[in-house]
Structure formats: structure tokens, C-alpha cells
Amino acid sequence: MSNLVVRQIDFDVDHARFIWNPDNPSFSVLMNQITFFVVGFEKYMCRVMRDAEALITDPAVMDEAVAFRKQEAIHAQKHLRHARALIAQYPALQNVLDNVLESYEAVYAAHPLEYHLAYAGGLEAIFTPFFKMILDHRAVLFQSGDAQVASLFIWHFCEEIEHRSSAYDVYNHVVGSHWYRIRHTGTFQKHTRDLFDMIKLEFAAYVQDVPANAYSDNPFARIPVLAQVKSALGVLASQLPWHDSVNQPLPAYYSEWLGHWQAGTDVSQIIGKPQPPVLSD
Ligand SMILES: [Fe+2]
Ligand SMILES: [Fe+2]
């Protein structure tokens with residue numbers, strides 16, 4: 001049986017501000033980029049997992065694939081709600097979302113299932129070292145931000161840690177060739193990077209009532225350089241053929257967050273500042 005838990009949490013992000021953490025505008029922008037990216041990426045992964053499920057012969061891998069797909073579907077749903085809140089304030093941002101969705105449609109149409117599974121497994125492997133850095137430094141990155149938005153990202157990143165090996169395991173079961181995955185790593189990393197760049201450029205074009213340098217500052221400027229270097233090395237190592245996606249250094253906060261969830265704590269506002277209600281005229 002899979003250990004993954006499919007959680008439905010109500011993050012009320014309908015009135016989220018674009019700069020949801022005024023103490024760190026460039027980090028707010030980066031997380032907004034993730035929101036717009038994730039809607040397309042997670043939908044693509046759910047589609048890919050459904051296709052892969054027809055080929056899975058091991059019941060344990062099947063359990064994992066199904067639970068993984070359900071977690072990712074909820075991620076897409078919650079980030080779509082966040083994206084819609086931003087689109088309501090800046091209608092031109094609908095183009096950004098459409099561009100991401102179209103781009104993943106094109107990738108899906110252009111490549112075989114092996115490629116999609118390599119993309120999913122490879123990118124998901126990157127998330128563990130990257131989100132570990134973010135979760136390890138959550139206080140400085142999230143604490144002064146909107147609690148619902150901050151807690152949505154914290155939940156998503158914890159679930160990424162939880163299912164860190166799922167896509168990789170499905171790839172290994174259905175495709176199995178390390179070299180096929182590694183041969184294509186550059187291509188899918190470029191696709192992801194290009195989307196992130198496009199999203200930021202469009203943000204900068206359409207959302208201009210932001211503090212100076214919101215689009216140019218390093219979002220991680222407050223994180224020690226050593227932690228940034230460790231994370232970058234972890235990202236590189238995650239693509240190597242002998243990478244062990246299960247036994248990675250994990251953020252201590254993952255178990256802490258899980259403990260809160262299991263104890264019934266309201267994790268929709270587990271970090272950050274509650275926002276005052278929005279007054280309509
Ligand atoms: Fe996700
Ligand atoms: Fe994921």
C-alpha cells in the first residue's frame with residue numbers, strides 16, 4: 001500500500017495580493033511563478049500517470065501512481081484558485097496561464113510516454129533538494145506573508161517531499177532506462193526554465209504596481225549562501241543515474257508539518273500572518 005495521504009485543505013486565497021509577502025517581493029513573485037507553472041505541469045503529470053497506469057503490472061507501483069496522481073490533481077486545483085485570484089486583479093494574466101497550458105499540450109503531443117515519465121521523474125527528483133532549502137528557511141521566507149498563501153506553498157512542498165520517489169518509481173517500472181532519462185534531462189529542464197522566464201516576463205509586463213526590484217532581486221538573498229550551494233548540488237545530483245530518490249536528506253519540518261496534520265491542526269494558516277478581511281465598497 002502507498003503511504004501517500006490525499007489531503008483536501010481549504011486555503012482561502014481568493015483575495016491574495018500579488019505581493020503577498022511585502023517583506024520579500026521577489027520571493028512573492030517566484031512563488032506566483034510556481035503557481036502559474038504548477039497548474040500546467042501538474043495537469044500534464046496527471047495525464048501522463050493515467051497513461052502509465054495502463055502499463056503498470058506491479059500492484060504496489062500502481063497504488064503509488066494512483067495516490068501520487070490524486071495528490072498532484074489537488075495541487076493543480078489549489079494553485080488554479082490562487083492563479084484565478086491574481087487574474088481577477090490583473091486580467092491580462094489569463095494569457096500567462098493559457099500559455100503554460102498550451103505549452104504542456106504541445107509537449108504532450110510531441111513526445112512518447114517514456115519522455116513524459118522521464119520529465120515527471122526527473123523534475124520531481126529536483127524538488128526534494130530545492131524545497132528542502134525553502135522549508136529549512138521557511139521563517140525568513142514565509143513568516144511575514146499572507147498566512148493562507150504561505151500555508152498553501154508549505155503544504156504543497158511537504159507533499160512534494162512525501163511523494164518524492166513516486167514519479168521516479170513509475171518511470172523505473174514502466175521505462176527503466178537511466179540513460180533515456182538522462183539523455184532528455186537537458187530538454188525538459190530547458191522547457192521548465194523557459195516557462196519560468198516567460199511567466200516572469202509577462203508578470204513584469206502586466207503587473208507594474210510592485211516594489212522596485214520585485215522582478216530582479218534574488219528571492220533567496222536572505223538564505224545563507226552555503227544552503228543555496230547545497231541545494232544546487234542536490235539538484236545536480238538528483239539527475240545522476242544512481243540517484244536514490246527515497247534516501248535523500250529531508251527537511252526536518254516535513255515530519256513536524258505531518259505531526260500537525262495528524263493532530264488535526266488547521267494547516268491552512270500554519271505559517272504567516274492572517275490577512276484582514278477585504279472590504280468591498
Ligand atoms: Fe505537486
Ligand atoms: Fe510532485
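**Close-up views of a predicted model**

**View 1. Surroundings of E53 in the predicted model.** Apart from its neighbours within four places in sequence, E53 is in contact with M62, A65, V66 and R69. E53 itself belongs to helix 1, which spans residues 25-53. Its relative accessibility is 12%, and E53 therefore counts as buried, the limit for that class being under 20%.

**View 2. Coordination of the iron ion (ligand 1).** The protein donors shown are E42 (OE), E72 (OE), H75 (ND1), H156 (NE2) and E160 (OE), at 1.9 to 2.3 Å from the metal. Along the chain, these donors follow the spacing E-x29-E-x2-H-x80-H-x3-E. H75 lies in helix 2 and E160 lies in helix 6 (residues 147-162), so this pair ties together parts of the chain that are 85 residues apart in sequence. H75 and E160 are both buried.

**View 3. Coordination of the iron ion (ligand 2).** The donors from the protein are E72 (OE), E124 (OE), E124 (OE), E160 (OE), E160 (OE) and H163 (NE2), and they lie 2.0 to 2.5 Å from the ion. The angles subtended by the 6 donor atoms run from 56 to 162°, and the arrangement is therefore irregular. For six donors to count as octahedral, opposite donors would have to be over 155 degrees apart and all others between 65 and 115. In sequence, the donor residues are spaced E-x51-E-x35-E-x2-H. Distant parts of the chain are linked by the pair E72, in helix 2 (residues 59-89), and E124, in helix 4 (residues 113-136), which are 52 residues apart. E72 and E124 are buried.

**View 4. The bridge between the iron ion (ligand 1) and the iron ion (ligand 2).** A distance of 3.5 Å separates the two ions, and E72 coordinates both.

**View 5. Packing of helix 2 against helix 7.** Helix 7 comprises residues 166-174, and its axis is 9 Å from that of helix 2, with an angle of about 135° between them. Helix 2 is therefore oblique to helix 7. The crossing of these two helices is left-handed. On the side of helix 2, the residues that meet helix 7 are V61, E64, A65 and F68. Their counterparts in helix 7 are S166, A167, D169, V170 and H173.

**View 6. Packing of helix 4 against helix 6.** The two axes come within 9 Å and cross at roughly 130°. This angle makes helix 4 oblique to helix 6. The crossing of helix 4 and helix 6 is left-handed. Helix 4 contributes E124, F127, T128, F131, K132, I134 and L135 to the contact, while helix 6 contributes I154, F157, C158, E160 and I161. Among these residues, E124 and E160 are also donors of the iron ion (ligand 2).

**View 7. Surroundings of L141 in helix 5.** Helix 5 covers residues 138-142 and includes L141. With 0% relative accessibility, L141 counts as buried. Beyond its neighbours within four places in sequence, L141 is in contact with W20, N21, N24, F27, I134, P219, F220 and I223. One of these partners, N24, is 117 residues from L141 in sequence, yet the C-alpha to C-alpha distance between L141 and N24 is 7.2 Å. Another partner, I134, is among the helix 4 residues that make the contact with helix 6.

Notes: Residues are numbered from 1 along each chain as its sequence is written. Chains are lettered from A and ligands numbered from 1 in the order in which they are written. This is a predicted model: local features need pLDDT of at least 70, side-chain atom pairs count only at pLDDT 80 or more; totals for chains, interfaces and linings use all residues. Side-chain values use heavy atoms; hydrogens and water are left out. Donors are N, O and S atoms within 2.8 Å of the metal (3.2 Å for Na, K and Ca); water is not among the atoms, so sites may look incomplete. Four donors count as tetrahedral if all angles lie between 85 and 135 degrees; four count as square planar and six as octahedral if opposite donors are over 155 degrees apart and all others between 65 and 115; anything else is irregular. Buried means under 20% relative accessible area, exposed over 50%, partly exposed in between (1.4 Å probe, protein chains only). Axes are lines fitted to C-alpha atoms, for helices over the stretch in contact, and angles run from 0 to 180 degrees between N-to-C directions. Angles under 35 degrees count as roughly parallel, over 145 as roughly antiparallel, 65 to 115 as roughly perpendicular and the rest as oblique. A crossing is left-handed if the near helix is turned anticlockwise from the far one by less than a right angle, and right-handed if clockwise. Contact means heavy atoms within 4.5 Å.
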